[in-house]
Amino acid sequence: MGSKIISDANRFVDSLKRLCQENAADEVIYEDNIQISLVKQKVPLHKLICGNLPVLVVGKKLYLEKAEERAEDEDDSLPAEDTLNDEGVGEQQGVSAPQPLTLTTARQLLSWYTLSQNPNMPTVLCPPLLPLWARCDMSDALGTTWLGAETVSAGNKVSGIKLYTICSKEATEDKSSFISLDALMELHQKRHHASAVETKGYARYNLFGSLVVENTVIESQCSITAVFKWSNVEKIFQMPPQSSEAVLDIKLAIGDMKSPLYETYKELEFLETLAQGLRTGEAEWPDPTDPRSAVDLTKALVEELESIGKTGQGQAGKGAETQREEKPDAPAADKGINIYSSVGLDRGDLDFTDQLWVKMRSSVSSYQDIIGCLKMVISAVRHGQIKPWVHRNSSNSLGRVILQSYKQKMEAVCLSGLTPVHMLLEMGLDKMRKDYINYLIGRELTTLNNLSYYMSTDVDLQEQVTRVKKLHHLLEILVICSTFLSLPYECLFPFIQSCLEYYITSPYDEEHVFQMQIRPVVISNFYQKEEPMSWGAEVISGQGSREVRTSFHLSDQPLVDHVTFSSDLNKTTANEDKEETAFFSTLVTHSLINFI
């Protein structure tokens with residue numbers, strides 16, 4: 001019997017060792033029906049346990065039939081791709097997905113892992129392995145969903161092993177059914193007989209997301225959650241004390257029609273259309289927002305400047321005023337409910353190329369439109385009909401031509417090929433850069449030195465567009481924080497510095513979560529009357545590698561993804577005038593086994 005156990009353990013551990021080798025595959029199959037995976041990122045257990053190392057995960061191998069075979073066997077009239085609607089099990093034909101094991105099988109696998117790490121068992125012993133976790137089917141009375149094991153080392157030697165058990169329960173609104181803090185501490189004490197323990201709490205609140213306005217759900221492309229951590233927990237479901245450490249997690253996708261920067265986003269979108277045209281030689285022109293043609297708008301602008309030149313009046317202020325007055329109304333579809341305060345990027349120093357960009361970006365619908373507008377302007381400047389004002393540091397081609405005209409030294413401009421698109425794109429980049437920088441500098445949120453990366457014109461136009469898009473992303477985040485959350489300057493200033501620094505070395509990413517350290521009192525009115533998305537308490541004893549924890553977690557979504565809960569998954573249910581959140585509960589316990 002003993003030799004069979006050792007033989008079985010060695011065969012299983014050989015499979016684990018293959019996954020731990022350099023350049024190994026991410027998955028091996030043991031005994032035809034056990035799938036062992038090396039999980040390096042997005043480990044589902046990291047919400048429940050400490051650490052962020054890769055882990056080995058075992059589950060039952062499930063072979064999915066190919067859709068065509070099922071269609072033939074069942075004479076199903078559905079398209080082949082629809083016959084594998086497995087609700088997350090697998091999306092591609094013939095793929096496999098791990099399923100939970102029985103508790104007995106999971107315990108057997110973890111016992112072999114433990115044998116292999118025990119220095120007192122030389123017939124099975126192997127070098128330290130990554131932590132091993134087994135998916136369980138929750139069929140036992142405790143509702144076990146995971147079993148885990150990881151080694152404990154003293155110097156270079158394995159001195160023990162930690163065993164984990166994770167048990168889950170269905171969602172309930174009955175908060176009296178949750179384990180009490182005293183019971184949680186007693187459970188920890190029975191397992192570990194600790195002379196001293198400490199408790200830690202955490203909570204996560206949703207501060208900004210989908211809203212309900214007059215019984216209408218308004219979806220948002222932004223999410224802001226507040227994460228609190230504190231010591232000396234007083235009770236289960238305790239409100240985070242004001243002494244907590246608090247962090248805002250902020251993620252935003254640009255283009256929300258309810259944002260006050262939506263029109264600026266559409267401007268950026270046109271900029272990207274031009275960049276795509278340069279990159280591919282083709283462009284899908286957006287529908288013009290101004291009913292007048294681009295050529296007619298440009299002609300009106302030229303005639304206005306010509307008239308001003310004849311009367312001798314200054315035009316800078318007049319031009320900016322005209323820009324504000326003639327800004328077309330937003331389309332009806334763009335006038336959704338605005339949940340923000342108004343935020344404007346209007347500048348009072350729009351030069352001629354800025355104004356021309358505004359006219360053209362709202363009316364251009366073809367390549368010929370661009371050529372017609374630029375020809376008209378260059379001809380008027382060359383023949384002295386207009387002497388438009390542009391910024392001395394204008395970095396676009398048309399602006400430089402106009403500056404040359406001040407000295408009667410205009411270079412010839414050939415409006416063929418992609419040159420017109422190139423010139424219009426430069427005008428838009430120049431104008432939008434100034435808009436964003438003016439906003440940030442005007443509110444003293446950064447300095448010109450800190451914006452040098454975003455202002456640089458030494459890189460190609462495609463990269464310049466990307467950097468402008470990064471600025472827009474950060475500005476939308478800033479607007480949410482300053483208008484909806486009403487965060488003070490002392491919070492916004494260091495936050496925007498960290499965001500600007502992040503994007504200097506990182507690619508554009510709307511999935512990135514920006515973090516802001518904040519004092520709980522600043523956002524107390526947003527969370528103190530709300531239910532948390534998740535809440536947890538830990539009882540901790542021991543130190544270093546011998547630290548052990550017993551933790552209890554509550555969440556409005558299950559923390560386990562491989563079992564199906566029968567609970568109604570609606571987040572809230574009506575209880576008279578108040579909505580109650582149904583919480584899933586998860587209990588995590590440790591056991592420490594010493595080998596030495």
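Two strands count as paired if DSSP finds at least two bridges between them. With that in hand, welcome to a short tour of strand 15 and its partners in this predicted model. Strand 15 covers residues 548-555, and a stop at proline 488 rounds off the visit.

**Strand pairing**
- Strand 15 pairs with strand 18 (residues 583-594) in the antiparallel sense, over five bridges.
- Within that neighbourhood, serine 555 has phenylalanine 584 of strand 18 as its bridge partner.
- Strand 14 (residues 534-541) also runs antiparallel to strand 15, and eight bridges join the two.
- Here tryptophan 535 finds its bridge partner in leucine 554 of strand 15.

**The hairpin turn**
- Strand 14 and strand 15 make a hairpin, with six residues lying between them.
- Glycine 542 sits in the turn of this hairpin and has a positive phi of about 80°.

**Burial of strand 15**
- Strand 15 is mostly covered, as eight of its eight residues are buried.
- On one side, the buried residues are Val548, Thr550, Phe552 and Leu554.
- On the other side, Arg549, Ser551, His553 and Ser555 are buried too, and both faces of the strand are covered.

**Proline 488**
- Proline 488 lies in the loop between helix 13 (461-484) and helix 14 (489-505).
- Why is proline 488 partly exposed? Its relative accessible area is 24%, and partly exposed covers the range between the 20% and 50% cut-offs.
- The C-alpha atoms of proline 488 and valine 522 are separated by 8.4 Å, with the two residues 34 residues apart along the chain.

Terms used:
Residues are numbered from 1 along each chain as its sequence is written. This is a predicted model: local features need pLDDT of at least 70, side-chain atom pairs count only at pLDDT 80 or more; totals for chains, interfaces and linings use all residues. Side-chain values use heavy atoms; hydrogens and water are left out. Buried means under 20% relative accessible area, exposed over 50%, partly exposed in between (1.4 Å probe, protein chains only). Helices (H or I, at least four residues) and strands (E, at least two) are DSSP runs, numbered from the N terminus.
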